[in-house]
Structures are given as structure tokens and as C-alpha cells.
Amino acid sequence: SKSDQFTGKIDHNFSQKHHFNFVLTYQHDPYTSTAQIYSKVEAFGVSQMHAWFSSVNFVSTLSPTLLNEFKAGLQHPDLDQVGGTRAYPQVYPNSNNVLFTPGFSSFTSPIPGNIDSRLIDPVYTVGDTLSWTRGRHAFKMGFQFDAMSSNSFNINNNFVPSVTLGA
């Protein structure tokens, strides 16, 4: 697999009491999602995974017994899986350079349909923690908020004309 990953980090001390940290990572992976359908035909590497990861941290020592930690982050994966005509255009029948998927009413076609899917599931996080030390006791309070969503689709035979043969 031809995987690419890049990470950058920034650390900054504003003073002895205040520290900032930022990390950003990008990852890209092209791949074939399953074993090749046609052993003698090369699949085009059109399935892709792109992902962004990021975090921000700000730590402040407010007093010798009081520490504040702010943090925020995101994770943004984007998975694009491709099958059928986009992965194996050379095995599909065509008419005037327009590919189509054959179907049969009495048996299953040996040529799979066009199955594309995309999945984007971002996660966002923000939180703050306040730590207080008093003698032999330590108290910690704070919050964390996570926002998650899912945006996905699956398409079967919608990009390519389909022909069904048989009675």
C-alpha cells in the first residue's frame, strides 16, 4: 500500500506558567478494498482513505495549587470505496464507449454491479479541566463535550446503465 502520513507539531511556552501545543496529522491510503475479483485484471486504485487528526492544548498554572488544562481536537476520516465499473472498466461491456452492467433474470451475473460507498464520520472534542491541590487532597473538575456525526451513502448500479436479460 502506498500510504502517506504527515504530522506537524507546534509547542510554545508563553511563560513558565502558560504552555500551548498544537498537532496536525494528515493520512492518505489508496487501496483495493477486497481481494481482486478478476485475477488477471488489475484493479484501478480508486478506493481512498483521507483522514485529518488535530489537537490543541493550553495548560496554565494559575497558582502553585491550581492548574487549568484546555483541550480541543478533531478526527475527520473520509473513506471512498469504489467497485464495479470504476474499479474494473476494462471488463464491462460498452456501447459507444458507455459502460453498462449486464443482469440476468434467471441466474446471477458473473460481472458485479457498480457498488460505490462513501463514509465520513467526523468527531469533534472540546474540554477543560481545573485541578486544585489542598494539602494531601487533590480535586479535579471539568467538562468534555464530544460531537459526532455520520455522513455515508451506498450506491448500487446508479452510475452506470443496467440491462437485464431473460424472461
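User: What lies between strand 3 and strand 4, and what do the two strands form?

Analyst: Strand 3 and strand 4 form a hairpin, with two residues between them. This is a predicted model, in which local features need pLDDT of at least 70 and side-chain atom pairs count only at pLDDT 80 or more, while totals for chains, interfaces and linings use all residues. Residues are numbered from 1 along each chain as its sequence is written, and side-chain values use heavy atoms, with hydrogens and water left out.

User: How do you know that strand 3 and strand 4 pair?

Analyst: Two strands pair if DSSP finds at least two bridges between them, and strand 3 (residues 47-63) and strand 4 (residues 66-81) have 15 bridges in the antiparallel sense, so the condition is met. Within this pairing, Ala-51 stands opposite Pro-77 of strand 4.

User: Which residue is the bridge partner of Glu-69 in strand 9?

Analyst: The partner of Glu-69 in strand 9 is Thr-129; strand 4 and strand 9 (residues 123-134) pair in the antiparallel sense over 10 bridges.

User: How many helices and strands are there in the protein?

Analyst: The protein has zero helices and 12 strands, where helices (H or I, at least four residues) and strands (E, at least two) are DSSP runs, numbered from the N terminus.

User: Why is the contact of Lys-9 with Asp-11 called a salt bridge?

Analyst: A salt bridge requires a side-chain nitrogen of Lys or Arg within 4 Å of a carboxyl oxygen of Asp or Glu; the closest N and O atoms of Lys-9 and Asp-11 are 3.7 Å apart, and therefore the pair qualifies. By this rule the count comes to one salt bridge.

User: What makes Lys-9 exposed, and why is Asp-11 called partly exposed?

Analyst: Buried means under 20% relative accessible area, exposed over 50%, and partly exposed in between (1.4 Å probe, protein chains only). Lys-9 has a relative accessible area of 54%, so Lys-9 is exposed, whereas Asp-11, at 45%, counts as partly exposed. Buried residues make up 26% of the 167 residues in the protein.

User: Why does Trp-52 count as partly exposed, and which residues make the nonpolar surface patch with Trp-52?

Analyst: Trp-52, which lies in strand 3, has 40% relative accessibility and so counts as partly exposed. Together with Leu-24, Leu-74 and Tyr-124, Trp-52 makes a nonpolar surface patch of about 340 Å². Patches are made of residues with over 30% relative accessible area and no salt bridge, like charges being joined within 9 Å and nonpolar side chains (Val, Leu, Ile, Met, Phe, Trp, Tyr) within 5 Å; accessible areas come from the Shrake-Rupley method with a 1.4 Å probe, and for residues only the protein chains shown count as cover.
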